[in-house]
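Let's take a friendly walk through this one. Have a look at the fold before reading on.

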Amino acid sequence: MSTSMRVRPAASIALALALAATLGSCGDLHAPESRTGAASTASAAPSPSAPASPYVEPGAGDGAPHYNENNAYRREGDMTPAHAKDAQREADRIRPVLERLWEQRKWDPRTVRTALLRLGYEEERVTKDGKRLGGTLTVTGMSPRWKDDGYVTPEGTRVALRVHDDACVSGFVQKSNFEVRANGPYPETGCFEPPYGH
């Protein structure tokens, strides 16, 4: 038997072993659990073995392409430090009122509006084309939400107070909880946080 005949099988075996080791090694990417139909859970940090998408923008929350562009309407504007301080002061005035109403199980818009007007605020008036005519307080019912097979509007009230052009207080009170916070205005919805699903 010639030497060249013995080298070929040895090279083929070495190549097959290297290929098998590469394909069977730990830490490789694996296909999602599509066999069972189980949904995978998202982790806080991406897998170290997963390749980074070339389309991820800096600061993109979930790493989706165009995340920043698609969610710009949900980003509140910046407040100057002095105006942020003013907004926080007003939030601190509103919080005990909403907390008291929540404890009394009163979260309808009329009751909330009456309680907040007693703090000296005036209802905001706006023309049909969006021009503000005066006042700073807006009180409305909760926004509709998708649930099961349609939209439902939960009981409760949303509150917005325009403290400055760049500073707001927003909040809500409903059966399950209440919240009050200082925030900058949103590009499309003013002091109210816009809903998801733009």
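A residue counts as exposed when its relative accessible area is over 50%, as buried when that value is under 20%, and as partly exposed in between. With that in hand, R105 counts as exposed, because its relative accessibility is 54%. One thing to keep in mind throughout: this is a predicted model.

**The overall layout**

The chain has 4 helices and 8 strands. Read along the sequence, they follow the pattern α-α-α-α-β-β-β-β-β-β-β-β. Of its 198 residues, 24% count as buried. What share of the contacts with a separation of 6 or more comes from residues 24 or more positions apart? The share is 46%.

**Helix α3, a good place to start**

Helix α3 covers residues 81–103. It has 23 residues and stretches 33 Å from its first C-alpha to its last, close to the 33 Å expected at 1.5 Å a residue. Where does α3 bend? The bend is at I94, by about 25°, and a proline, P96, follows within four residues.

Now for the side that is tucked away. In α3, the residues D86, A87, E90, A91, I94, V97, L98 and L101 are buried. An α-helix has 3.6 residues a turn, so residues three or four places apart point the same way. Look at what the buried residues of α3 pack against: α4 (109–117), β6 (157–164), β7 (167–173) and β8.

Not everything in α3 is hidden, though. K85 is placed in this helix too, and K85 is exposed, with a relative accessible area of 60%. The C-alpha atoms of K85 and A167 are separated by 9.2 Å, while the two residues sit 82 residues apart along the chain.

**Two loop residues with a positive phi**

Right after α3 comes R105 again, in the loop between α3 and α4. Its phi is near 60°, a positive value in a residue other than glycine. Most residues other than glycine have a negative phi, and most peptide bonds are trans. D148 is another case, with a positive phi near 55°. You'll find D148 in the loop between β4 (145–147) and β5 (150–152). Is D148 buried or exposed? It counts as exposed, because its relative accessibility is 65%.

**Rings that meet**

The structure holds 2 aromatic pairs. One of them is W102 with F178, a tilted pair with 5.6 Å from centre to centre and 45° between the planes. This pair links distant parts of the chain: W102 belongs to helix α3 and F178 to strand β8 (residues 178–183), 76 residues apart. W102 is partly exposed, at a relative accessible area of 28%, and F178 is partly exposed as well, at 22%.

The rings of W146 and Y151 make an edge-to-face pair, because their planes are at 85°, with the centres 5.1 Å apart. Planes over 60 degrees apart are what earns a pair that label. W146 counts as exposed at 55% relative accessibility, and Y151 is exposed too, with a relative accessible area of 61%.

Here are the two pairs side by side:

| Pair | Centre to centre | Angle between planes | Kind |
|---|---|---|---|
| W102 and F178 | 5.6 Å | 45° | tilted |
| W146 and Y151 | 5.1 Å | 85° | edge-to-face |

One more ring deserves a glance. The charged end of R158 sits over the ring of F192, 4.0 Å from the ring's centre.

**The disulfide**

How many disulfides are there? The count comes to 1. It joins C168 to C191, with 2.1 Å from S to S. The angle about the S-S bond is -65°, and the link of C168 and C191 is left-handed. C168 lies in strand β7 and C191 in the segment after β8, so the pair ties together parts that are 23 residues apart in sequence.

Are these two cysteines buried or exposed? C168 counts as buried, because its relative accessibility is 0%. C191 also counts as buried, at 6%.

**Back to the picture**

If you go back to the structure, α3 is a handy landmark. Its buried residues pack against β7 and β8, among other elements. Strand β7 holds C168 of the disulfide, and strand β8 holds F178, the ring partner of W102.

Terms used:
Residues numbered from 1 in each chain as written. Predicted model: local features only at pLDDT ≥ 70, side-chain atom pairs only at ≥ 80, totals over all residues. Heavy atoms only, no water. Phe/Tyr/Trp six-rings, centres within 6.5 Å; stacked < 30°, edge-to-face > 60°. Buried < 20%, exposed > 50% of the residue type's maximum accessible area, 1.4 Å probe, protein only. Lys NZ or Arg CZ within 6 Å of the ring centre and 35° of its normal. Expected span 1.5 Å × (residues − 1). Bend = angle between axes of the 7 residues up to and from the residue. Contact = heavy atoms within 4.5 Å. Disulfide = S-S within 2.5 Å.
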